[in-house]
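Let's take a walk through the charged pairs of this protein. Have the sequence and the model open side by side as you read.

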Amino acid sequence: MRILLVENHEDTLTWLTRYLQQLGHEVCGVRDMASAIEVISSSKFDVLINDIRLPDGDGRHLLRQMEPQPFGIAMSGCGTRADRENSHAAGYRHHLTKPFLPDDLDALLEEAASQIAEKV
């Protein structure tokens, strides 16, 4: 799958990019909203995985700017019920609370692949 990964923490971005690439995905990793907006203006993605708290804005606004809308997975260090509900209200299918286990992400990517295959 083509994945847009938006994460402002450099080490987390590097690790997640490598992990997703090892799983066989094509990954575009950026560190802020401005870079993500630039990338989505010229590319299409199957999955958006993004941090909610970015240095230049609220990451929940990214999903709404993407056409067609990809399978959205929000990430945040905050995992209250309100945080999860806000992510779902913004259109994200899931909200991962950091730190999360790779198996948790794997399960969501399997769900995304299944839904993408159904559309084809």
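A quick bit of vocabulary helps here: a residue is called buried under 20% relative accessible area, exposed over 50%, and partly exposed in between. Keep in mind, too, that this is a predicted model.

Searching the whole structure turns up 6 salt bridges. Start with Arg 2 and Glu 26, whose side chains come together in one of them, at 2.3 Å from N to O. This pair ties together distant parts of the chain, with Arg 2 in strand β1 (residues 2-6) and Glu 26 in strand β2 (residues 26-30), 24 residues apart. How accessible is each partner? Arg 2 has 26% relative accessibility, so it counts as partly exposed. Glu 26, at 47%, also falls into the partly exposed class.

Now look at Lys 98 and Glu 7, another salt bridge, with an N to O distance of 2.7 Å. Here 91 residues separate the partners: Lys 98 is in the loop between β7 (94-97) and α5 (102-119), and Glu 7 is in the loop between β1 and α1 (10-22). Glu 7 is buried, because its relative accessible area is just 1%, whereas Lys 98 is partly exposed at 24%. These two don't act as an isolated pair, either: Glu 7, Asp 51 and Lys 98 are linked in a network of salt bridges.

Finally, swing over to Arg 60 and Asp 58, whose side chains form a salt bridge at 3.4 Å, N to O. Arg 60 has 17% relative accessibility and therefore counts as buried, while Asp 58, at 27%, is partly exposed.

How values were computed. Residues numbered from 1 in each chain as written. Predicted model: local features only at pLDDT ≥ 70, side-chain atom pairs only at ≥ 80, totals over all residues. Heavy atoms only, no water. Salt bridge = Lys/Arg side-chain N within 4 Å of Asp/Glu carboxyl O. Helix = DSSP H or I, 4+ residues; strand = E, 2+ residues; numbered from the N terminus. Buried < 20%, exposed > 50% of the residue type's maximum accessible area, 1.4 Å probe, protein only.
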